[in-house]
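Reader: Could you take me closely through the salt bridges of this predicted model, with attention to where the paired side chains sit and how exposed they are? I would prefer one connected account to a list.

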Amino acid sequence: MGKGFSLERLVSDYCEMEQKHRTILRHHWSNIRQNLEPKNILPKLVTVLIETDEQEIKAQPTIHDRCDKLLEILPRRGPNAFKVFVDALKEEAPFLASDLIESGNKEERNQSSALMYWSIN
């Protein structure tokens, strides 16, 4: 077992975030990057991040770098990571949480419409 190997890392790497949530994060990356200090929400992400994730994020020299690192790590932290992230944002940056929730709702409406279209035709 090499350096940096952990059961948590192995398991979380194979239990990724849903594609729709990954897409939403990519779509809002710039806005999150401009309006969030990740250090402020790390305590609320303990259920999805492992200790080395937190250390990697904190080690980044700028706010933008910390956001980039957080947004790179989150999609690999399981199907619940998006919800935990949005919940953490509700206190720190409610407007970002609202944007992500609204995007998720639009995505669900679009999928429902597509399913209805294909089932009718």
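Author: Lysine 69 and glutamate 72 both belong to helix α4 (residues 63–73), where they stand three residues apart, about one turn of the helix. The two form a salt bridge in which the closest N and O atoms are 3.6 Å apart, a distance that counts because the cut-off is set at within 4 Å. Glutamate 72 is partly exposed, its relative accessible area being 41%. This pair also has a further partner, since Glu56, Lys69 and Glu72 are linked in a network of salt bridges.

A comparable arrangement can be followed in helix α3 (residues 51–59), where glutamate 54 and lysine 58 are separated by about one helical turn because they are four residues apart. Between glutamate 54 and lysine 58 there is a salt bridge whose closest N and O atoms lie 3.1 Å apart. Glutamate 54 is partly exposed at a relative accessible area of 24%, and lysine 58 likewise counts as partly exposed, with 45% relative accessibility; both receive this label because partly exposed covers what falls between buried, under 20%, and exposed, over 50%.

Another salt bridge joins arginine 22 to glutamate 16, with 3.2 Å between the closest N and O atoms. Glutamate 16, at 39% relative accessibility, is again partly exposed. The pairs described here are part of a wider set, for the count in this predicted model comes to 11 salt bridges by the rule applied.

Note on methods. Residues are numbered from 1 along each chain as its sequence is written. This is a predicted model: local features need pLDDT of at least 70, side-chain atom pairs count only at pLDDT 80 or more; totals for chains, interfaces and linings use all residues. Side-chain values use heavy atoms; hydrogens and water are left out. A salt bridge is a side-chain nitrogen of Lys or Arg within 4 Å of a carboxyl oxygen of Asp or Glu. Buried means under 20% relative accessible area, exposed over 50%, partly exposed in between (1.4 Å probe, protein chains only). Helices (H or I, at least four residues) and strands (E, at least two) are DSSP runs, numbered from the N terminus.
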